[in-house]
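Trainee: I would like to go through a structure step by step. Could we take it as questions and answers?

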Amino acid sequence: MGKYIIGRIIQIIITFFIVMSIIFLLFRIIPSDPSSFLLTPSMTAEAKETIRKQFGLDEPIAVQYFIYLKNFVHGNFGTSFYSGRPVMSIIMERMLNSILLITTAVIIAYIIGVSIGKAIAWKRGSKTEKFFVILGLWFYTTFTPWLGIMFLWIFSFKLKLFPLGGMITPEKWILDPSLMEKICDMGYHLILPLVTYVLLWFGGYMLLMRNSMLETLKEDYIVTARAKGLKEKVIKNKHAARNAMLPIVTAFAISVSFSIGGAVLIETIFSWPGIGRTIVEATLRQDYPLVQGAFAVITLVVLLANFVADIAYAYLDPRISY
Amino acid sequence: MDTVLEIKNLGMSYDTTEGSVSAVDNVSFRIMNGEAMGLVGESGCGKTSLGMCIMKLLPENAKITNGEIIFDGEDIVPKTEDEMRMIRWKGVSMIFQAAMNALNPVYKVGDQIIEAIVAHENIKKEEAREKVRELYKLVGLSPERMENYPHEYSGGMRQRAIIAMALACDPKFIIADEPTTALDVIVQDEIIDEIKNIQKKLNMIMMYISHDISVIAETCDKIGVMYAGNFIEYADTFALFDNPLHPYTKALMSSFPSIEGPKKELKPVPGEPPNLLNPPRGCRFYPRCSYAEEICRNERPEFIESESGHFLACHRVI
Amino acid sequence: MKKIENKKASQIRQIWALVRKSTFIKLGVSIMILFGIMAVFSPIWIHINPEVYDPIIGADPNVHGSVGPSLQHPLGTDDIGKDLFSQLLRGSQVAFMLGMMVSVFSTIIGAAIGLIAGYYGKIWDTLLMRLADIILTLPRLPLLIVISGIFGTQSNWIILLILSLTFWPIISRVIRAQTLSLRERPFIESARVSGVGNTRIIVKHLAPNVLPIAFYYLTVTVTGAILVEAGLSFLGFGDPSNMSWGMMLQWCFVKGYVFKAPYWMIPPGLCISLLAFSFYLIGVGLEEMVNPRLKKR
Ligand SMILES: Nc1ncnc2c1ncn2[C@@H]1O[C@H](COP(=O)(O)OP(=O)(O)OP(=O)(O)O)[C@@H](O)[C@H]1O
Ligand code: SF4
Ligand SMILES: [Mg+2]
């Protein structure tokens with residue numbers, strides 16, 4: 001097991017390294033002036049000089065590459081053109097906001113999706129099954145920003161039940177409220193993006209679980225379980241679902257990479273100050289250090305999610321011993 | 001002797017996109033207390049389907065179309081799933097054909113057997129564990145193996161564990177569906193002996209399904225021969241070997257020179273068995289039968305007792 | 001030979017019977033036909049009055065600011081008097097073309113890579129499948145955003161290229177698995193030994209096994225491509241020389257009309273979602289037919 005984990009970690013490092021190298025090349029090769037990604041005209045001559053030094057822009061490209069890697073290893077992604085703050089601190093802050101939204105949403109979507117998927121697989125061929133498959137599919141393929149806008153329009157604009165976006169109500173926070181009030185305020189802002197997210201994502205898990213469950217129900221050991229005279233509930237939950245969950249664990253990791261894509265759109269619609277929105281804004285503002293840093297961190301998170309899923313799979317499936 | 005299992009006119013079919021597959025048709029026989037009955041027939045003739053009928057473990061596209069399955073004095077055909085739950089494993093249990101996958105890969109083998117006992121018997125887990133320990137010894141497995149997962153067993157061990165599992169609730173009746181197909185010859189012999197001994201020792205009734213008539217001759221008191229979903233002959237092992245009456249059984253016997261002879265795949269008669277989607281109208285063996293007459297083509301032969309205890313479905317012999 | 005042909009014919013008939021029974025496929029195809037009609041109708045509608053109805057350069061000079069539906073503009077106009085209905089029709093063309101092309105390209109790339117990996121094995125297999133893994137784990141939308149940012153201006157061709165380059169890994173895995181299992185069969189072995197027409201044999205025997213699965217991934221890929229392209233356009237990284245549904249929604253959003261003009265906001269998003277939905281429905285319907293393990297117990 002230990003050997004396997006080390007192997008996986010090395011793999012992750014290599015993958016990350018490759019991705020970062022590609023990004024490096026793209027940023028240096030495609031723009032006409034390779035330094036334009038770090039220097040803006042509005043900078044003072046002094047500032048330009050510092051950055052030139054820091055990133056070794058006057059050095060040959062190979063040396064630049066090593067400096068780039070060294071900076072990465074030290075967590076130094078440079079300074080944001082737009083705000084002038086260190087990229088790392090912006091990313092840390094935004095990442096936390098994203099994690100709050102995404103993790104909550106993914107966990108809820110997962111629980112709902114898996115439970116429904118389990119139930120409808122058992123009711124194979126029924127109207128209920130068709131209904132849920134079509135419903136889940138519809139939301140799964142609904143255009144994310146559109147669903148967000150519709151919800152904002154209906155629930156915030158027309159019914160005035162929820163805020164129009166953002167993560168907090170600044171007027172309230174200026175007055176330095178109690179922790180409880182802060183949490184409530186955040187929760188209040190969280191609900192609508194969260195619901196959007198969950199609706200968009202539960203269908204994917206539901207279909208996966210249903211298919212996996214249907215395949216499992218075909219296995220001989222399910223016949224054995226029935227032959228043993230076990231109760232339906234035991235067969236469904238203990239024998240079928242436990243096995244059907246295995247592939248879903250892997251899918252969970254893949255879905256993290258997709259849900260970050262979703263986060264880009266949802267955060268944009270709901271003005272949620274997360275990493276997804278950051279990367280969009282930074283790209284539009286040509287704030288290249290921030291783009292680079294944000295992308296690196298997103299990639300790292302996705303790779304880590306895959307790693308965790310692999311470990312979880314190994315833990316759940318006794319047949320796998322590394 | 002009491003009749004434990006009596007099957008009358010049983011018919012079962014599968015619904016498929018191409019039509020209805022008549023996999024069991026017009027099957028009647030009875031098994032007495034303490035008897036082991038063998039069931040032979042070519043692949044695809046409906047042996048497993050018949051076994052599954054008795055456990056009422058049919059897939060969704062299958063249904064029992066007619067007949068009765070009287071087990072322990074009660075017809076189980078109309079019983080609900082809940083009522084069947086009580087009968088399964090305690091009344092009838094089964095050693096499955098595909099032993100490789102009959103155990104759930106994510107649970108320890110011992111626990112899977114304990115689970116069956118606890119589901120039926122009102123005893124504590126620890127007592128059940130003790131019982132499984134005994135069963136393991138009975139089938140020739142070391143009790144420490146209970147703590148292993150199925151993938152940690154060899155094929156032969158897995159098969160033994162499945163036998164132990166089938167015995168877990170002291171069933172009255174056990175169906176062994178080709179319990180040795182996946183194994184090599186030596187292990188096969190061991191396991192067949194094991195089954196035979198246990199059956200006699202525990203005095204269960206058994207239905208032993210196999211392609212291999214020589215195995216059945218060694219193991220069973222009676223033999224039923226199936227062809228394309230039909231029972232065509234049913235008699236005492238000795239009677240059947242001495243005096244096979246049905247043309248198909250005769251061909252079957254002649255392809256096995258002696259009981260102790262080499263085991264071969266069952267393919268005694270030239271030609272293919274009929275398509276069960278659309279079986280011949282009269283005798284299902286008609287297209288391959290060298291004794292066939294005009295009547296065989298149009299009229300289904302009845303399955304009747306031609307001599308005492310010797311049942312048969314053929315126009316010619318009567 | 002005759003017998004084989006008959007068998008094939010009956011297989012096709014069987015598949016057709018299954019297709020006709022599948023609620024999912026029927027629903028999906030119906031929606032798709034609707035959009036097909038829209039795409040075909042697009043030039044006809046523009047032809048009525050190109051100066052007003054052309055989705056790129058046309059505008060209604062008599063309209064000031066966005067107005068709601070009227071006889072002349074069935075869906076109303078945007079803030080500078082462009083006809084929304086004609087934009088919607090054009091969007092359906094773009095979505096269809098892009099979705100189809102991405103899925104065809106990525107299927108071709110995926111098939112080629114899967115064949116190479118499965119057939120030549122060894123180092124090729126390891127390298128290509130690791131590459132597939134890496135691409136699969138990359139967060140697609142952020143990647144596309146970053147690349148768009150680097151390229152500066154965006155064209156549908158670049159979007160097409162990048163989408164195709166990120167969508168192939170799943171297909172290549174399927175093809176590879178099938179190739180591997182085929183490679184073990186004796187006739188391939190003998191063909192390999194005699195060295196004649198390996199590739200032809202593989203393709204010939206592979207096609208019937210892989211086509212249904214490939215078709216399933218094709219439909220799912222179309223869904224993904226449509227949604228990702230719309231997402232990119234919505235974020236402002238679309239091809240400005242054309243009109244797509246994602247862009248319609250983007251304009252509505254950035255010009256601040258989302259709550260004021262539902263006639264502008266609702267149709268493009270609904271269309272994106274419905275078209276993506278229809279392809280996925282067909283995919284799920286196909287999967288039910290292709291994967292025997294999903295059939296009824
Ligand atoms: N789930 C099913 N759906 C449709 N047809 C089936 C199904 N299961 C079995 N059959 C058909 O029913 C017939 C009898 O099958 P069965 O498995 O009972 O044969 P068998 O005698 O046990 O064969 P074998 O010796 O190979 O195990 C076969 O023709 C088979 O094709
Ligand atoms: S009934 Fe006729 S066809 Fe059938 S086995 Fe007897 S002789 Fe042969
Ligand atoms: Mg069988």
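What follows is a set of questions on the chains, some residues and a ligand of this predicted model.

Trainee: How many helices and strands are there in chain A?
Mentor: Read along the sequence, chain A gives the pattern α-α-α-α-α-α-α-α-α-α-α-α. No β appears in that pattern. The count for chain A is therefore 12 helices and 0 strands.

Trainee: What box do the C-alpha atoms of chain A fill?
Mentor: The box is taken along the principal axes of chain A. Its sides are roughly 80 × 55 × 40 Å.

Trainee: What share of the residues of chain A count as buried?
Mentor: A residue is buried if its relative accessible area is under 20%. Chain A has 322 residues, and the share that meets this cut-off is 53%.

Trainee: How many helices and strands are there in chain C?
Mentor: The pattern of chain C along the sequence is α-α-α-α-α-α-α-α-α-α-α. Chain C has 297 residues, of which 55% count as buried. Its elements are 11 helices and 0 strands.

Trainee: How much of the exposed area of chain C do carbon and sulfur atoms supply?
Mentor: Chain C exposes about 13,800 Å². Of this area, carbon and sulfur atoms supply 69%.

Trainee: Is T223(C) buried or exposed?
Mentor: T223(C) is part of helix α9 of chain C, residues 198–234. Its relative accessibility is 2%, and the cut-off for a buried residue is under 20%. T223(C) is therefore buried.

Trainee: Which residues is T223(C) in contact with, leaving aside its neighbours within four places in sequence?
Mentor: Contact here asks for heavy atoms within 4.5 Å. One of the partners, Y280(C), has its backbone nitrogen 3.4 Å from the side chain of T223(C). The full list is T141(A), A276(C), F279(C) and Y280(C).

Trainee: How many aromatic pairs does a search of the whole structure find?
Mentor: The search covers all chains. Ring pairs also form a cluster, made of F29(B), F231(B), Y234(B), F303(B) and F311(B). The number of aromatic pairs found over all chains is 31.

Trainee: Why is the pair of F143(A) and F234(C) called edge-to-face?
Mentor: A pair of aromatic rings is described by the distance of the centres and the angle of the planes. The 31 aromatic pairs are counted over all chains. For F143(A) and F234(C), the centres are 6.3 Å apart and the planes stand at 90 degrees, so the pair is edge-to-face.

Trainee: Where in the chains are F143(A) and F234(C)?
Mentor: With ring planes at 90 degrees, the pair of F143(A) and F234(C) is edge-to-face. The pair crosses between chains. Both F143(A) and F234(C) are buried. F143(A) is in the loop between α5 (127–141) and α6 (144–158) of chain A, and F234(C) is in helix α9 of chain C.

Trainee: Which ring does the charged end of K160(A) sit over?
Mentor: K160(A) lies in the loop between α6 and α7 (170–174) of chain A. Its phi is near 55 degrees, a positive value in a residue other than glycine. The charged end of K160(A) is 5.4 Å from the centre of a ring, that of F157(A).

Trainee: Is K160(A) buried or exposed?
Mentor: The relative accessible area of K160(A) is 61%. The cut-off is over 50%, so K160(A) is exposed.

Trainee: Which tyrosine has R242(A) over its face?
Mentor: R242(A) belongs to chain A and the ring to chain B. The distance from the ring centre is 5.9 Å, and the residue is Y107(B).

Trainee: Which residues come nearest to ligand 1?
Mentor: There are 17 residues around ligand 1. Polar side-chain atoms of T48(B) and S49(B) lie 2.6 Å and 2.5 Å from an oxygen atom of the ligand. The residues that come nearest are S43(B), G44(B), K47(B), T48(B) and S49(B).

Trainee: Which element gives the largest share of the shell around ligand 1?
Mentor: A polar side-chain atom of S49(B) lies 2.5 Å from an oxygen atom of ligand 1. Two elements of chain B give two or more residues to the shell, β1 (3–16) and α1 (47–55). The largest share is 3 residues, and it comes from α1(B).

How values were computed
Residues numbered from 1 in each chain as written. Chains lettered and ligands numbered in written order. Predicted model: local features only at pLDDT ≥ 70, side-chain atom pairs only at ≥ 80, totals over all residues. Heavy atoms only, no water. Helix = DSSP H or I, 4+ residues; strand = E, 2+ residues; numbered from the N terminus. Buried < 20%, exposed > 50% of the residue type's maximum accessible area, 1.4 Å probe, protein only. Polar contact = N/O pair within 3.5 Å; in protein donor to acceptor, adjacent residues only side chain to side chain. Phe/Tyr/Trp six-rings, centres within 6.5 Å; stacked < 30°, edge-to-face > 60°. Lys NZ or Arg CZ within 6 Å of the ring centre and 35° of its normal. Areas by Shrake-Rupley, 256 points an atom, 1.4 Å probe, with all protein chains shown as cover. Near = heavy atom within 4 Å.
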